[in-house]
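Biologist: Can you walk me through this model? I'd like helix packing, then the sheet.

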Amino acid sequence: MNEQSLTTLLQQVCAGTVDVSEALNRLRHWPVEVLESARIDHHRPLRTGLPEVVFGATKTAAQLIEILGAMLAVPAVVLATRVAPEKAERILERLPQLTYYPVARILTGNDQHIPVGCGQGTVVIVTAGTSDLPVAEEARITLQWFGHEVVTIHDAGVAGIHRILAHSDLLYRGRVIIVVAGMEGALPSVVAGLTASPVIGVPTSIGYGAGAGGYAALLGMLNSCAPGLAVVNIDNGFGAACMAAAINRTG
């Protein structure tokens, strides 16, 4: 929606020819900005409560420069996930107002538009091992840019069970808990057995041959007997963040 069409709609509301509910309904579906390489959904936050986020893994640097440049011109947060370092370097040359997080492989922009007061409480992110950090960081940064408070507990896998038990008080306070684990994927079951909060398990592709690139962890989490545990796809820190935001959001 451009300024002219928005002005027309507001004038119609003021004149009484369009009621407020109809105006809101129209706004929920506008606008789509058509670019050479994408169609940007600028009003996704109005419909879903979450902004459009760009998946950068299979896009070229040129495509991302076009897409992110257009998104920076709109008063909303900008995120692009799975951006390789060499690609990010080329993008930052053209769009220096972006920030790159190399561990998470995320580009962000428009931090002045990070929403405030979105969450009912704190989201706790737990990793089983240091090797799970990239996925956990993808979740953490995504949640922070969605306007949620996040705390982290790192390297607390079941091989040293006392490490997670030492954080029981923090787990009890978490409104939502994301648990990131590879290998056999046991940690989410342990955490779900310690707290009444919803737990989101994120299997990672970390592990030896029989781990099958994360399938062993995925199946272990899906077959958990612990109540209150849901599971997202392998290495999907972003998906876990979106689900945690949906659970934790106010209103």
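Biologist: How do α4 and α5 cross, and how close do the axes come?
Modeller: The axes of α4 (residues 61-72) and α5 (residues 85-94) come within 9 Å and cross at roughly 45 degrees. Axes are lines fitted to C-alpha atoms, for helices over the stretch in contact; angles run from 0 to 180 degrees between N-to-C directions. Helices are DSSP runs of H or I, at least four residues, and strands are E runs of at least two, numbered from the N terminus.

Biologist: What does that make α4 relative to α5?
Modeller: Oblique. Under 35 degrees counts as roughly parallel, over 145 as roughly antiparallel, 65 to 115 as roughly perpendicular, and the rest as oblique.

Biologist: Which residues make the contact?
Modeller: Ala-61, Leu-64, Ile-65 and Leu-68 from α4 meet Lys-87, Arg-90, Ile-91 and Arg-94 from α5. Contact means heavy atoms within 4.5 Å.

Biologist: Any caveats?
Modeller: This is a predicted model: local features need pLDDT of at least 70, side-chain atom pairs count only at pLDDT 80 or more, and totals for chains, interfaces and linings use all residues. Residues are numbered from 1 along each chain as its sequence is written, and side-chain values use heavy atoms, with hydrogens and water left out.

Biologist: Now the sheet. What is the strand order?
Modeller: β8-β7-β9-β10-β11, an open sheet of five strands with parallel pairing. Two strands pair if DSSP finds at least two bridges between them.

Biologist: Which strands are at the edges?
Modeller: β8 (149-153) and β11 (229-231), each pairing on one side only.

Biologist: How many bridges join β10 to β11?
Modeller: Three. Val-199 stands opposite Leu-229 in β11.
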